[in-house]
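Welcome! Please take a moment to look over the sequence and the 3D view, and then we can explore them together.

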Amino acid sequence: QVQVLLQPQLKHALQNMNTRLAPLQQCVALYEKLDKMDALRDEYVKTRPGALHKAWFDFSPSYSVEQSMDDSTNNNKSDLESWLPTWYDMVLQLLTEERRQSATVFGAEAAPEI
């Protein structure tokens, strides 16, 4: 039941961890004391790739009614080819940031488990 009361604080800390890690570190300390780290890890893992998911699903190739099917396919391929490296850069940036932040938030010993 205490976990339910801490849920809004945890969500807020996760949403703002790009600017402040202290609130998330406080949540980690509380969840450790309550022996509920599994719940915190689950929420953390669900939340972290949110921006990547959004970027993936926001991609939309350009379509034009006047284009033939072949032209449209080529344009879509070109759009994807130019967009995909950007998305992979975002993935790499998240992984790099995640490695640093998880060690800071959870400690160097626990970070590899996250």
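Leaving aside its neighbours within four places in sequence, which residues is R48 in contact with?

## The surroundings of R48

The model you see is predicted. In it, R48 touches M17, N18, L94, E97, E98 and Q101, not counting neighbours within four places in sequence. With one of these, E98, the side chain of R48 forms a polar contact of 2.6 Å.

You can find R48 in the loop between α3 (37-47) and α4 (50-58). Is R48 buried or exposed? R48 has a relative accessible area of 12%, and the cut-off for buried is under 20%, so R48 counts as buried.

## The chain as a whole

Now step back to the full chain. Its secondary structure consists of 5 helices and 0 strands, giving the pattern α-α-α-α-α along the sequence.

Of the 114 residues in the chain, 29% are buried. The chain exposes about 8,200 Å², with carbon and sulfur atoms supplying 55% of that area. Take the contacts between residues at least 6 apart in sequence: 65% of them join residues at least 24 apart.

## Where α1 meets α3

Helix α1 covers residues 2-15, and its axis comes within 11 Å of the axis of α3, crossing at roughly 35°. This crossing of α1 and α3 is right-handed.

On the α1 side, the contact is made by Q3, Q7, L10, K11 and L14, while α3 brings A39, L40, E43, Y44 and T47. Sorted by class, the contact of α1 with α3 has 5 nonpolar, 3 polar and 2 charged residues.

Conventions
Residues numbered from 1 in each chain as written. Predicted model: local features only at pLDDT ≥ 70, side-chain atom pairs only at ≥ 80, totals over all residues. Heavy atoms only, no water. Helix = DSSP H or I, 4+ residues; strand = E, 2+ residues; numbered from the N terminus. Buried < 20%, exposed > 50% of the residue type's maximum accessible area, 1.4 Å probe, protein only. Contact = heavy atoms within 4.5 Å. Areas by Shrake-Rupley, 256 points an atom, 1.4 Å probe, with all protein chains shown as cover. Polar contact = N/O pair within 3.5 Å; in protein donor to acceptor, adjacent residues only side chain to side chain. Axes fitted to C-alpha atoms, helices over the stretch in contact; angles between N-to-C directions. Left-handed = near helix turned anticlockwise from the far one by under 90°. Nonpolar A, V, L, I, M, F, W, Y, C, P; charged D, E, K, R; others polar.
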